[in-house]
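Here is a set of questions and answers on one protein chain. Look at the sequence and the structure, then read on.

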Amino acid sequence: MSAKLGETLLRENLITPQQLKEALDYQRANGGRLGSTLVKLGFLSDEEITAVLSRQYGVPSVNLSLFEVDESAVKLIPQDVAQKYMVLPLSRVGATLTLAMLDPTNVFAIDDIKFMTGLQVEPVVVSESAMIEAMEKYYGSPRELELASVMDSIVNEAAQKMDFGDDSGDVELLEEEEEIDLDDLERSSTDAPVVKLVNVILVDSLRRGASDIHIEPYEKEFRVRFRIDGILYDIMRPPMKMRDAITSRLKIMSKLDIAEKRLPQDGRIKIKVKLDGRSRELDFRVSTLPTLWGEKMVLRLLDKEKLMLDMTKLGFEPESLDRFKRQIAKPYGMVLVTGPTGSGKTNTLYSALSSLNTPETNIMTAEDPVEFNLPGINQVQMKEQIGLNFAAALRSFLRQDPNIILVGEIRDFETAEIAVKAALTGHLVLSTLHTNDAPSTVSRLMNMGIEPFLVATSVNLIQAQRLIRRICKDCKEEVSTPPQALIDVGFSPEEAQEVKIFRGAGCPTCNYTGYKGRVGLYEVMEITDELRELILVGASALELRKKAIEEGMITLRSSGLYKIKQGITSIEEVVRETVK
């Protein structure tokens, strides 16, 4: 087919012989179809290829991005068959099924689908990239297919072993005081299929590079989602009957009380897995929360190999990094890192500590929870139930002769007060807060009850940060963007004319998302004498922001625009996480 397509394209003067040679060389090295290779190399567009294929095969072509696919038709063909033949059912009218195909001459595929559905098949031709995108949308990725087949076999095994008959309608659910048979829970949670399924979920999260696993019960379904590069994706929907067994298995692994279903619990799972020929230690932080339909569990994957302790690789702009390094090198004062959950605050602080960790320095940390073990640093795990909170830990730290203190989070007035006093009495204090940007952190501390003169004299630097997705290097391509759209985002009219905008087209490396990995956006506000004076007179966050920008502070949005200019990320990512 490739040769025929090449001949047709040459005959119609759509490509040159040199371009065909380049495409065939690329195809030999990387595989794939000639049509998609020509599109990838930028010699032809998707529409041109489908038009030629349509004439070559004598069947109509369809632009899938403009076509409304009938989801009831999609269900007529199982995912494995669709993946095998690379076909997608588009619609059904009477006894005729319209089928999108890459190769409408594949009679085996057409015969198989005729036999399977009992319908006449009307083939239409589509481009490979459109087909992959549509398959992803309606069926999920090839990895999900593999996972689904593993899960099916596990569920079938479970159905045989756990006596999952069709008698769910006879079960009467008791409100609140539901009777729990502990022996039964333990028995079902250690049953081989349940153990297998939980192991599949944990290992797959590592393989996909997930940061969190969400296991969520609803009234009529039970779903598992992974957060990959900051975005949640649906991964699987185990049967409702496995809900309690899966939850109990995870609770047993995290040493939690399986009988306690009414209160939130926190635990930790440490496992060793053999993946791709090497042994890996996995550490999960587990949190359970009672919801309307059962316990929701969130597992945060703490992967030591992903902990980036080199500050130069986190995504700081050079001048922002200089400011941050200058302030953490001071012998006393406070450095605050702010941002929402999952914005990489812990990673930044650990990077700072590892750069300050020398034999002559005593570093103490109070964390809830301790996420990674850092050699040479005294880390203390908070235990609220016995009264060991941040404030209590900080008080005892001051009697332990520390040079540097890290407080996991300033949550209340008591912790803030002790941290400020420590910063004013010769200690370097690093901590985090939940605020939207650097200037509003000053107002937050004052709202907690800290006096303006204490804030002005103790705080050296405030840094706000966010994590955004990087464009996948393997499918990165330039896209044309109207200059006005760039000006609206924050570029100057001059920059809007020159800047090149990129996006990820989607490929197997990035699971067809166009993004792979993440990078930080940083807003670093150094507290200068002018800013101290403004804090002392009770200036608003807006006034502080204006002054800080005058003094050269790069805002979160500016940091994002810098990353767009470098081709690291897309406009959509920056707009999603920052404001102008």
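**Aromatic pairs, salt bridges and the fold**

Q: How many aromatic pairs does the structure hold?
A: The model is a predicted one. Ring centres within 6.5 Å make a pair. By that rule, the aromatic pairs in the structure number 3.

Q: Are the rings of Phe316 and Phe324 stacked or edge-to-face?
A: Their centres lie 5.5 Å apart, and their planes meet at 25 degrees. Planes under 30 degrees apart count as stacked, over 60 as edge-to-face. The Phe316 and Phe324 pair is therefore stacked.

Q: How are the rings of Phe316 and Tyr522 arranged?
A: The ring centres of Phe316 and Tyr522 are 3.9 Å apart. Their planes are at 15 degrees, so this pair is stacked.

Q: How many residues apart are Phe316 and Tyr522, and where do they sit?
A: Phe316 is in the loop between β9 (294-302) and α13 (318-328). Tyr522 belongs to strand β18. Both residues are buried. The pair links distant parts of the chain, 206 residues apart.

Q: Which residues form one aromatic cluster?
A: Phe316 pairs with Phe324. Phe316 also pairs with Tyr522. One cluster thus holds Phe316, Phe324 and Tyr522.

Q: How many salt bridges are there?
A: Side chains of opposite charge can pair when their charged atoms come close. The cut-off used is 4 Å between nitrogen and carboxyl oxygen. The count comes to 32 salt bridges.

Q: Which parts of the chain does the salt bridge of Glu573 with Arg469 link?
A: The closest N and O atoms of Glu573 and Arg469 are 3.0 Å apart. The two residues are 104 residues apart in the chain. Glu573 lies in helix α24 (residues 571-577), and Arg469 in strand β15 (residues 459-471).

Q: Is Arg469 buried or exposed?
A: Buried means under 20% relative accessible area. Its partner Glu573 has 1% and is buried. Arg469 has 11% relative accessibility, so Arg469 counts as buried.

Q: What does the salt bridge of Glu477 and Arg503 tie together?
A: Their side chains meet at 2.9 Å, N to O. At 29%, Glu477 is partly exposed. Arg503 is partly exposed too, at 38%. The pair ties together parts 26 residues apart in sequence: strand β16 (residues 476-479) and strand β17 (residues 501-504).

Q: Where do Glu523 and Arg545 lie?
A: These two form a salt bridge with the closest N and O atoms 3.8 Å apart. Both are buried. They are 22 residues apart. Glu523 is in strand β18 (residues 515-526), and Arg545 is in helix α22 (residues 541-550).

Q: Which residues touch Ile77, not counting residues up to four places away in sequence?
A: Ile77 sits in the loop between α5 (71-74) and α6 (79-85). Its relative accessible area is 1%, so Ile77 is buried. The C-alpha atoms of Ile77 and Ile113 are separated by 7.5 Å, with their positions 36 residues apart along the chain. Ile77 touches Ala82, Pro89, Leu97, Leu99, Ile113, Thr117 and Tyr139.

Q: What share of the contacts with a separation of 6 or more comes from residues 24 or more positions apart?
A: The chain has 24 helices and 18 strands. Of its 580 residues, 47% are buried. For contacts with a separation of 6 or more, the share from residues 24 or more positions apart is 64%.

Notes
Residues are numbered from 1 along each chain as its sequence is written. This is a predicted model: local features need pLDDT of at least 70, side-chain atom pairs count only at pLDDT 80 or more; totals for chains, interfaces and linings use all residues. Side-chain values use heavy atoms; hydrogens and water are left out. Helices (H or I, at least four residues) and strands (E, at least two) are DSSP runs, numbered from the N terminus. Buried means under 20% relative accessible area, exposed over 50%, partly exposed in between (1.4 Å probe, protein chains only). Contact means heavy atoms within 4.5 Å. Rings of Phe, Tyr and Trp (its six-membered ring) pair if their centres lie within 6.5 Å; planes under 30 degrees apart count as stacked, over 60 as edge-to-face and the rest as tilted.
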